[in-house]
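The questions below walk through one protein chain, beginning with its sheet and ending with single residues. Each answer is meant to be followed with the coordinates open.

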Amino acid sequence: MAIEKVRAYFKTFGIEDRILEFDVSSATVELAAQAVGCEPAHIAKTLSFDLQGTPLLIVAAGDAKVDNKKYKACFGTKAKMLTPDQAETLVGHAVGGVCPFAVNDGVRICLDESLKRFATIFPACGSSNSAIELTIPELEKYSGSTDWVDVCKNWEPAAR
């Protein structure tokens, strides 16, 4: 199970005990916010794309939506999401638990600017009933992200 891969990955940093597991689903932003007890914007959703044959993960705030024009300007091609089967095969996590931790080799990870307004955020941990609270510097460190991008719209700066 993917959460065990994430747990083993976090164990190398000594933070595996920070993973939160819920008795309810956290597979969507709304469900995750309810499970965690936070606003949906504080959920760090991980979206999976096919970037010209390379799996791409974009981690964005829960209230942000991908802006197709910004995506194309950033990556030079139209946004094409992976199917659920492709996500599980290419990324290593099933939809509902996709996260930027313990992913398959060759997956590119980018963090969206929409996250920077928060002191902490809650990404999933490889299952549809898990999350972890991380600071933005921790997300940068543990995700192995390659860079920050600005490809989302419909989010408003919020108080920290």
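Two strands are said to pair if DSSP finds at least two bridges between them. The model discussed here is predicted.

Q: In what order do the six strands of the open sheet lie?
A: The sheet is open and its pairing is mixed. Its edge strands are β8 and β9 (147-149), each of which pairs on one side only. Read across from one edge to the other, the order is β8-β6-β2-β3-β5-β9.

Q: Which residue of β5 stands opposite leucine 56?
A: Strand β3 is joined to β5 by four bridges, and the two strands run parallel. Four of the five residues of β5 are buried, so that the strand is mostly covered, buried meaning under 20% relative accessible area. Opposite leucine 56, the residue found in β5 is arginine 108.

Q: In which sense do β2 and β3 pair, parallel or antiparallel?
A: Strands of a sheet can pair in either of two senses through backbone hydrogen bonds. Between β2 and β3 there are eight bridges, and within this pairing alanine 44 stands opposite alanine 61 in β3. The sense in which β2 and β3 pair is antiparallel.

Q: What is the bridge partner of isoleucine 43 in β6?
A: Strand β2 (residues 43-51) pairs with strand β6 (residues 120-123) over two bridges, in the parallel sense. On its other side, β6 is joined by two bridges to strand β8 (residues 134-135), the two running antiparallel, and there isoleucine 121 stands opposite leucine 134. In the pairing with β2, the partner of isoleucine 43 is phenylalanine 122.

Q: Which residue of β9 stands opposite leucine 111?
A: Three bridges join β5 to β9, and these strands run parallel. β9 is one of the edge strands, pairing on one side only. The residue of β9 that stands opposite leucine 111 is tryptophan 148.

Q: How many residues make up the largest nonpolar core?
A: The members that touch the most other members are Val6, Phe10, Phe101, Leu115, Ile121, Ile132 and Leu139. At least two residues of this core come from each of α1 (2-11), β3 (54-61) and α5 (136-143). Apart from it lies another core of 15 residues, among them Leu47, Leu51, Leu56 and Ala79, whereas the number of residues in the largest core is 23.

Q: Which element supplies the largest share of the lining of the largest pocket?
A: The largest pocket has a volume of about 340 Å³ and is lined by 22 residues, of which Ala27, Lys45, Thr46, Gly96 and Val98 lie nearest its centre. By class, the lining has 14 nonpolar, seven polar and one charged residues. Two or more lining residues are given by each of α2 (29-36), β2, β6 and β7 (130-131), and the largest share, six residues, comes from β2.

Q: Is serine 48 buried or exposed?
A: Serine 48 belongs to strand β2. Beyond its neighbours within four places in sequence, serine 48 is in contact with Leu56, Leu57, Met81, Leu82, Ala87 and Val91. Because its relative accessibility is 5% and the cut-off is under 20%, serine 48 counts as buried.

Q: Is alanine 102 buried or exposed?
A: Alanine 102 lies in the loop between α4 (84-91) and β5 (108-112), and has a positive phi of about 55° although it is not a glycine. Most residues other than glycine have a negative phi. Since its relative accessible area is 17%, alanine 102 is buried.

Q: What is the relative accessible area of asparagine 154?
A: Asparagine 154, placed in the segment after β10 (152-153), is not a glycine, yet has a positive phi of about 65°. The cut-off for exposed is over 50%. Asparagine 154 is exposed because its relative accessible area is 57%.

Q: How far apart in space are glutamate 39 and valine 29, C-alpha to C-alpha?
A: Glutamate 39 is found in the loop between α2 and β2, where it counts as exposed because its relative accessibility is 55%. Glutamate 39 and valine 29 are 10 residues apart in sequence, and their distance in space, C-alpha to C-alpha, is 9.3 Å.

Note on methods:
Residues numbered from 1 in each chain as written. Predicted model: local features only at pLDDT ≥ 70, side-chain atom pairs only at ≥ 80, totals over all residues. Heavy atoms only, no water. Core = buried A, V, L, I, M, F, W, Y, C linked by side-chain atoms within 4.5 Å. Buried < 20%, exposed > 50% of the residue type's maximum accessible area, 1.4 Å probe, protein only. 1 Å grid on protein atoms, 1.4 Å probe; cavity = no way out; pocket = protein on both sides within 12 Å on 5 of 7 lines; lining within 4 Å. Points joined across faces, edges and corners; volume = space filled by probe spheres on them. Nonpolar A, V, L, I, M, F, W, Y, C, P; charged D, E, K, R; others polar. Contact = heavy atoms within 4.5 Å.
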